[in-house]
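Thank you all for making the time this morning. I would like to take you through one protein model, slowly, and I ask you to keep the picture in view while I talk.

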Amino acid sequence: MTTVKQIFDRLCEIAPLSLQLPYDNAGFLVGRGDAAVSRVLLSLDITSEVVSEAREIGAKLIVSHHPVIWNKFNALTDENEEDDKVLSLLENGIAAICMHTNLDIAPGGVNDVLLGLFGLASEGCFEEEGCGRMGRFSRPLPLDDFLSLCKERLNTRGLRYYDAGKPVQCLAVLGGSGGNNLIDAHRAGCDTYLTADVKYSTFLLARELGVNLIDGDHFCTENPVMAALKERLEEFFPEIDFRLSHRHDQTARFY
């Protein structure tokens, strides 16, 4: 019998909780550690649809990237939509383990996987928190070619970008909301920065700095790690049926 706690312990070996940033709430957040598990659902987020999906396929554990709980509860009722998801987990006996910034930072985590989509090995981190990664192509790629590659590898419906008029050779990546780290990528010598949730002011800064800037969508830049995490867990627990969510996907549409 494999328990929730055993899977949590293995996840903590992959992405130690000691790595998480101070504001974060990663960890074993909902359920009983001694509960038996035979099927696990992996999803970037735990939405109401994901909870329903877990219930329908008989998964007693959801492993996600983004925490389903951010703050301590003063109350836990269905009056609040976020609290209602936690109630649904509890009512259906579904546990939740959320590996967030610790999985961003850990070797083989979100950003190593993101960089690896382009066949690049990490040359290290370009910003002080330890999340972002940088790598170098053996030859410069025209930006148009790299944008096509991004759209394909990220499986995104569209990209927002600034073209600095230079090819892509030294690439910085930071999955999720990494707009504030553009200047770090520039200082590290990167000509191109791929991240998400980029503000207007950051696009202006990219023009000032002369850096190619690509917004690849928060979901699309982080979700590839879930398939990689599934493979690693399957190696440790071959008796468990690990499944990727088929209901949770990119929310943004392009007209």
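I will go from a pair of helices to the nonpolar cores, then to a second helix region, and finally to some individual loop residues.

Before anything else, please keep in mind that what you see is a predicted model.

Let me begin with the helix pair. In general, two packed helices are described by the angle between their axes and the distance between the axes. Here the pair is helix α1, residues 4–14, and helix α10, residues 224–236, whose axes come within 11 Å and cross at roughly 125°. An angle over 145 degrees would count as roughly antiparallel, and 65 to 115 as roughly perpendicular, and α1 and α10 are therefore described as oblique to each other. The crossing of α1 past α10 is right-handed. On the α1 side the contact is made by Arg10, Leu11 and Ile14, while α10 brings Leu229, Arg232, Leu233 and Phe236. Sorted by character, the residues of this contact are five nonpolar and two charged, with no polar ones.

One residue of that contact leads us inward. The largest nonpolar core has 47 residues, and Leu229 belongs to the group that touches the most other members, together with Val40, Leu61, Phe118, Phe146, Leu171 and Leu194. If we set aside its neighbours within four places in sequence, Leu229 is in contact with Leu11, Ile14, Leu42, Val63 and Leu103. Apart from this core there is another one, of 17 residues, which includes Met134, Cys170, Ala185 and Tyr193.

Now to helix α2, residues 48–57, where Val50, Val51, Ser52, Glu53 and Ala54 are buried. What lies over these buried residues? The cover includes strands β4 (39–43), β5 (61–64) and β12 (241–244), as well as helix α3 (81–91). After α2 comes Gly58, which has a positive phi, near 80°.

A little further along, in the loop between α2 and β5, sits Lys60, which counts as partly exposed because its relative accessibility is 38%. Its C-alpha atom is separated by 11 Å from that of Gly33, although the two residues are 27 apart along the chain. Neighbours within four places aside, Lys60 is in contact with Ala36 and Arg39, and also with Asn92, Gly93, Ile94 and Ala95.

His100 offers another loop position, this time between β6 (95–98) and α4 (101–105). Is His100 buried or exposed? With a relative accessible area of 8%, His100 is buried. Again leaving out neighbours within four places in sequence, His100 is in contact with Asp24, Ala26, His65, His66, Pro67 and Trp70.

I will finish with two backbone details. Most residues other than glycine have a negative phi. Asn155, however, has a positive value near 55° without being a glycine, and Asp217, also not a glycine, has a positive phi of about 85°. Asn155 is found in the loop between α6 (143–154) and β8 (160–162), and Asn155 counts as exposed because its relative accessibility is 65%. Asp217 lies in the loop between β11 (212–215) and α9 (218–222), and with a relative accessible area of 14% Asp217 is buried. So, for these two loop residues, a positive phi goes with an exposed position at Asn155 and with a buried position at Asp217.

Key:
Residues numbered from 1 in each chain as written. Predicted model: local features only at pLDDT ≥ 70, side-chain atom pairs only at ≥ 80, totals over all residues. Heavy atoms only, no water. Buried < 20%, exposed > 50% of the residue type's maximum accessible area, 1.4 Å probe, protein only. Helix = DSSP H or I, 4+ residues; strand = E, 2+ residues; numbered from the N terminus. Contact = heavy atoms within 4.5 Å. Axes fitted to C-alpha atoms, helices over the stretch in contact; angles between N-to-C directions. Parallel < 35°, antiparallel > 145°, perpendicular 65-115°, else oblique. Left-handed = near helix turned anticlockwise from the far one by under 90°. Nonpolar A, V, L, I, M, F, W, Y, C, P; charged D, E, K, R; others polar. Core = buried A, V, L, I, M, F, W, Y, C linked by side-chain atoms within 4.5 Å.
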